[in-house]
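These are my notes from a session with the model. I wanted to look at the chain contact first and at a few single residues afterwards.

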Protein chains: 2
Amino acid sequence: MQIVIPLYDRFTALDAVGPYEVLSRVPGATVTFAGVEAREYTTDTGMLTIRADAALADVPSPEVIVVPGGPGSVEAAEDEALIAWIRNAHETTEWTTSVCTGAELLGAAGLLDGLDATTYWADMDMLARYGATATERRVVEQGKIVTAAGVSSGIDMALTLVARMTHEEVAKAVQLGIEYDPEPPFDSGSTRTASPETIALVRATIAARDEAAA
Amino acid sequence: MQIVIPLYDRFTALDAVGPYEVLSRVPGATVTFAGVEAREYTTDTGMLTIRADAALADVPSPEVIVVPGGPGSVEAAEDEALIAWIRNAHETTEWTTSVCTGAELLGAAGLLDGLDATTYWADMDMLARYGATATERRVVEQGKIVTAAGVSSGIDMALTLVARMTHEEVAKAVQLGIEYDPEPPFDSGSTRTASPETIALVRATIAARDEAAA
């Protein structure tokens, strides 16, 4: 089973590496990091560089695609080669998935029209532009299209996917394999639980980042 | 604040990228991936390659080090240059930390002698070789030395660290920033909750992997 994770400049590392860490442990699965060009891609922070071992053109028909998000998704959604690859690959995938604002790329490929979907909490408005209905679940399954919420949610999404793709017992083994028994030291991981001050602080940080990048 | 994550061949990606994703979001923090050589390092699966932007010799005195684990940690523990770097850097760090079998490298550097520590659940026996007492908590703090359990636990450890390094409010903002509101689809992430069959399956998978690598 071939799983492709498309990279682009200024993606968010954990969006890609969380699902990779889960899916690469499925017996018989191969995860390939690919880009419009086979080259190194640097994440949103500028502090981490991951190599795309393949060009997307060389992996046209994977069984699974996982599109990561990140601040670079806005520009990536206008990259015709990347969006055309997603649209074409989707025709033959078994699962087409996104994490965080990776949903914007599925949207730009026309895949979310009329569906429930999710994305990063601060970007939920974006979904309507692509005809999707914003949904506050952490993992939203719509047939073979699965969207996940922000960044760390890709781990939960990928475990769900492993159970669907193979067997619940495999997913449970992978969960133990990565010792995924989360104990967040605070209860501040969603807008339901975070304080208004925390939400405002993160929104301000995002705005400053976007302004610096503009 | 400089944070260094040392890489070596056959490390586990999420051990490094989980803490990176948390720590890189702390205002004023710089995370540097470094190796004995500044080159690309490929993870345990052979499917993901991350670039070490610096040689360890060029970053001798970071405030924080986070040592990832992975099957390559056994060989890495015998890499004198890597172990000497950890030992020397530790003299001036504010925090010296490990995820998963990254604890083996702290042990090889002589840093765990007489301390409580944790590591990957299947490798807990290893700690005694370095004079450490195996402890089943997910994050074990002993002064400035912090060890975390397997793979995904680095996210919890890093959030704890952010609160200690800065302020609880910063850690909460980072948690919301990565939307870390985990919803594992199964309750199989530790040996306390996984079934005996799941534990046996993962142990067999690890044994087969180690045999293939031998």
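Buried area here is the accessible area, taken with a 1.4 Å probe, that two parts lose on being put together, summed over both. The model is a predicted one, and I kept that in mind throughout.

**Entry 1: the contact between the chains**

I looked up the area first. Chain A and chain B bury about 5500 Å² between them, and carbon and sulfur atoms account for 59% of that. I then asked which three residues of chain A supply more of its buried area than any other three. They are Met47(A), Leu176(A) and Glu179(A), which together give 15% of what chain A buries against chain B. By residue count, the contact takes 64 from chain A and 64 from chain B.

**Entry 2: polar links across the contact**

I counted four salt bridges between chain A and chain B. I noted one pair by name: Asp181(A) and Arg192(B) meet through their side chains in a salt bridge, with 3.0 Å from N to O. For polar contacts between the two chains, the count is 40 residue pairs, with both residues at pLDDT 80 or more.

Next I checked which elements of chain A take part. Helix H1 (13-23), strand S2 (30-35), strand S4 (49-51), helix H6 (153-165), helix H7 (168-177) and helix H8 (196-213) each supply at least two residues of the side that touches chain B. H7(A) has the largest share of that side, with eight residues. Sorted by type, the residues on the side of chain A that touches chain B come out as 30 nonpolar, 18 polar and 16 charged.

**Entry 3: how the copies are related**

I superposed chain A on chain B and noted the operation. It is a rotation of 180° with 0.0 Å of shift along its axis, and the RMSD is 0.0 Å. I therefore wrote it down as the relation of a two-fold axis. Within chain A, the C-alpha nearest the axis belongs to Ile50(A), at 2.3 Å. Both copies use the same surface, since 100% of the contact residues of chain A recur in chain B.

**Entry 4: Thr101(A)**

I found Thr101(A) in the loop between strand S7 (95-99) and helix H4 (102-108) of chain A. Is Thr101(A) buried or exposed? Its relative accessible area is 5%, and buried means under 20%, so I put Thr101(A) down as buried. The side chain of Thr101(A) reaches the backbone nitrogen of Gly70(A) at 2.8 Å. Leaving aside residues up to four places away in sequence, Thr101(A) touches Gly69(A), Gly70(A), Ser73(A), Thr119(A), Tyr120(A), Asp123(A) and Met126(A).

**Entry 5: Gly69(A)**

Gly69(A) was on that contact list, and I turned to it next. Gly69(A) sits in the loop between strand S6 (64-67) and helix H2 (73-76) of chain A. Gly69(A) is buried, at 0% relative accessibility. With residues up to four places away in sequence left out, its contacts include Tyr8(A), Phe11(A), Thr12(A) and Asp15(A), and also Val99(A) and Cys100(A). I also noted that the C-alpha atoms of Gly69(A) and Ala16(A) are 8.1 Å apart, with their positions 53 residues apart along the chain.

**Entry 6: Asp58(A)**

Last, I looked up Asp58(A), in the loop between strand S5 (54-55) and S6 of chain A. Asp58(A) has 60% relative accessibility and counts as exposed. From Asp58(A) to Ala38(A), 20 residues apart in sequence, the C-alpha distance is 9.5 Å.

Technical notes: Residues are numbered from 1 along each chain as its sequence is written. Chains are lettered from A and ligands numbered from 1 in the order in which they are written. This is a predicted model: local features need pLDDT of at least 70, side-chain atom pairs count only at pLDDT 80 or more; totals for chains, interfaces and linings use all residues. Side-chain values use heavy atoms; hydrogens and water are left out. Helices (H or I, at least four residues) and strands (E, at least two) are DSSP runs, numbered from the N terminus. Buried means under 20% relative accessible area, exposed over 50%, partly exposed in between (1.4 Å probe, protein chains only). A polar contact is a pair of N or O atoms within 3.5 Å; within protein, one must be able to donate a hydrogen and the other to accept it, and residues adjacent in sequence count only if both atoms are side-chain atoms. Contact means heavy atoms within 4.5 Å. Copies are superposed by least squares on the C-alpha atoms of residues with pLDDT of at least 70 in both. Ala, Val, Leu, Ile, Met, Phe, Trp, Tyr, Cys and Pro count as nonpolar, Asp, Glu, Lys and Arg as charged, and the others, Gly among them, as polar.
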